[in-house]
Amino acid sequence: MRTIFSGIKPTGHLTLGNYLGALGRFVDLQHEALCVFSIVDLHAMTVEHSPDRLRELTREAATLYLAAGLDPDVCVVVRQSAVGALHAELTYLMECTAYVGELQRMIQYKEKGRGRPKTRASLLTYPALMAADILLYGTTHVPVGDDQKQHVELTRDLAVRFNRTYGEVFVVPEMMDAAVAARVMDLQEPTKKMMKSTSDDSLGQIRLLDPPDVVRRKMRRAVTDSDGVVRVDRDGKPGLTNLLEILAAATGEESVETVAARYASYGQLKRDTADAVVAVLEPLQKSYADLAKDPAAVDAILAAGADRARDLGTPYLAAAKEAMGVG
C-alpha cells in the first residue's frame with residue numbers, strides 16, 4: 001500500500017503557491033493512498049518567531065487544509081507538535097545517523113544560517129526532523145517541489161544508511177514530482193518563489209484569503225516585460241511565464257504553451273489569470289469562513305488526526321529504537 005506524507009510550514013499566511021503547488025494536489029492524492037498531511041509547526045521554530053503568531057498561523061493553516069477539501073475521514077490531518085514526542089525522538093535517532101557535512105550542505109542552512117550570528121542549532125539539524133516526519137509513517141511517496149528535493153534525497157540517504165547499519169526498519173521513500181505550477185513565483189520578483197513569510201502587505205503574493213478585489217489588483221500590477229509578445233520563456237520572460245503557468249494550473253490545462261498561444265496581449269492574460277484565481281479561491285474562502293465559526297470542531301478533527309498519526313508512527317519509532325539498542 002502506498003503511504004504519502006507531506007506538510008506545510010506555518011511561517012506566514014498560505015499563498016496561491018502553497019495551493020497550486022501542494023494543497024490542491026493533496027486533495028486529489030487523498031483518494032489514491034493512505035495520506036498523512038501535517039501542519040509542520042515545529043519547523044517554524046528554527047528561526048526567530050512569535051509564539052502567538054505561530055499559534056494563529058497554525059490554526060489558520062489547519063482550517064485551510066479542511067476548507068480546501070481534505071477529508072479527515074479519508075486522510076490524516078495532523079498538527080505536527082500534537083505528536084511532537086514521536087517526531088522529536090525519531091529526529092534524535094536521525095541526528096545520530098546523519099553527518100554534519102550533509103547537514104551543512106542543505107540549502108536552508110547555507111542561505112539562512114551559515115556564518116550568521118545567533119543561528120539556531122535547529123536550523124542546521126532540521127533536515128533530520130524532516131526525515132523523521134517522513135520516515136515515522138512508513139511513507140512510500142513524498143510530493144515535492146524543486147526546492148525540497150535536496151531534503152527528500154537526504155531522507156532517502158538516511159533511511160538507506162540506517163537500514164544497512166542497524167537492520168531493515170524504514171521504507172525508502174520515492175519522490176513524486178509536482179506538475180504545472182510546482183513553483184509559483186513572486187508577482188513582483190518573478191525570479192523568486194512566492195513565499196508566505198514576507199511582509200503582509202506584499203504585492204508579490206496572493207494569499208488564499210485575499211478577497212477578489214485584492215487578487216485582481218495584485219495581478220494587474222504583476223511584473224512582466226516590455227516587448228509585448230506572449231510566449232513561454234522562463235529565463236527571458238519570467239514574469240509572463242509565471243502568469244501563464246498560474247493560469248494553466250488554475251484552469252487545469254496540461255500545456256502552458258497551449259495557453260500562451262491563445263493570447264496576443266498581456267492585459268487580457270492578466271485579467272483572465274485573475275478571474276481564474278478568484279474562481280479557485282472563492283469556494284475555499286467560503287468553506288474557510290464556515291469552518292472558522294466553529295473552532296472547536298476543527299480542534300476535534302486535529303485531535304482525532306493526532307490519535308491516528310500516533311497509531312501509525314509508534315511502531316516505526318519502536319522498531320528504530322530497538323534496532324539502535326535503546327528500545
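**Entry 1: Met185**

I started with Met185, which I found in the loop between β5 and α8. A note to self before going on: this is a predicted model. Is Met185 buried or exposed? With a relative accessible area of 14%, Met185 is buried, because anything under 20% counts that way. I then looked up what touches this side chain and its backbone, leaving aside neighbours within four places in sequence. Met185 is in contact with Pro190, Thr191, Lys192, Lys193, Met194 and Asn242. I also checked a distance to Gly239, which sits 54 residues away along the chain. The C-alpha atoms of Met185 and Gly239 are separated by 8.0 Å.

**Entry 2: helix α8, two sides**

Next I moved on to α8, which spans residues 212-220. Which residues of α8 are buried? I noted Val214, Val215, Lys218 and Met219. These buried residues cover an arc of only 130 degrees around the axis, so they lie on the same side of α8. On the other side of the helix, I found Asp213 and Arg220 exposed. I wanted to know what covers the buried residues, and the cover includes α9 (238-251) and α11.

I picked Val214 out of α8 for a closer look. Its relative accessible area is 15%, and Val214 is therefore buried. I also took its distance to Ile8, 206 residues away along the chain. From C-alpha to C-alpha, Val214 and Ile8 are 24 Å apart.

**Entry 3: α8 against α11**

Since α11 had turned up in the cover of α8, I looked at how the two helices pack. Their axes come within 9 Å and cross at roughly 150 degrees. An angle over 145 counts as roughly antiparallel, so that is the label for α8 and α11. The crossing of this pair is right-handed. Which residues make the contact? From α8 I wrote down Pro212, Val215, Arg216, Met219 and Arg220. From α11 the list is Lys270, Thr273, Ala274, Asp275, Val277, Val278, Leu281 and Glu282. Sorted by class, the contact of α8 with α11 has seven nonpolar, one polar and five charged residues.

**Entry 4: α2 against α11**

I stayed with α11 (residues 266-292) and turned to its meeting with α2 (residues 51-68). The axes of α2 and α11 come within 8 Å, and they cross at roughly 125 degrees. That angle makes α2 oblique to α11. I noted a right-handed crossing for α2 and α11. On the α2 side, the residues involved are Glu60, Thr63, Leu64, Leu66, Ala67 and Ala68. They meet Leu284, Ser287, Tyr288, Leu291 and Ala292 of α11. By class, the contact of α2 with α11 comes to eight nonpolar, two polar and one charged residues.

**Entry 5: Gln148**

Back to the loops. I found Gln148 in the loop between β4 (141-144) and α7. How is Gln148 classed by accessibility? Its relative accessible area is 23%, so Gln148 counts as partly exposed. Leaving aside neighbours within four places in sequence, I have Gln148 in contact with Gln108 and Met130. I also checked Gln148 against Met106, 42 residues apart along the chain. Their C-alpha atoms are separated by 10.0 Å.

**Entry 6: Glu168**

Moving past α7 (149-166), I came to Glu168 in the loop that leads on to β5 (174-177). Glu168 has 69% relative accessibility and therefore counts as exposed. I looked up its separation from Ala320, which is 152 residues away in sequence. In space, Glu168 and Ala320 are 9.1 Å apart, C-alpha to C-alpha.

**Entry 7: Lys118**

Last stop of the day: a backbone angle. I found Lys118 in the loop between α5 (107-112) and α6 (121-135). What is the phi of Lys118 near? I got a value near 60 degrees, which is positive in a residue other than glycine. I flagged it because most residues other than glycine have a negative phi. The relative accessible area of Lys118 is 84%, so I logged Lys118 as exposed.

Methods
Residues numbered from 1 in each chain as written. Predicted model: local features only at pLDDT ≥ 70, side-chain atom pairs only at ≥ 80, totals over all residues. Heavy atoms only, no water. Axes fitted to C-alpha atoms, helices over the stretch in contact; angles between N-to-C directions. Helix = DSSP H or I, 4+ residues; strand = E, 2+ residues; numbered from the N terminus. Parallel < 35°, antiparallel > 145°, perpendicular 65-115°, else oblique. Left-handed = near helix turned anticlockwise from the far one by under 90°. Contact = heavy atoms within 4.5 Å. Nonpolar A, V, L, I, M, F, W, Y, C, P; charged D, E, K, R; others polar. Buried < 20%, exposed > 50% of the residue type's maximum accessible area, 1.4 Å probe, protein only. Arc of directions from axis to C-beta.
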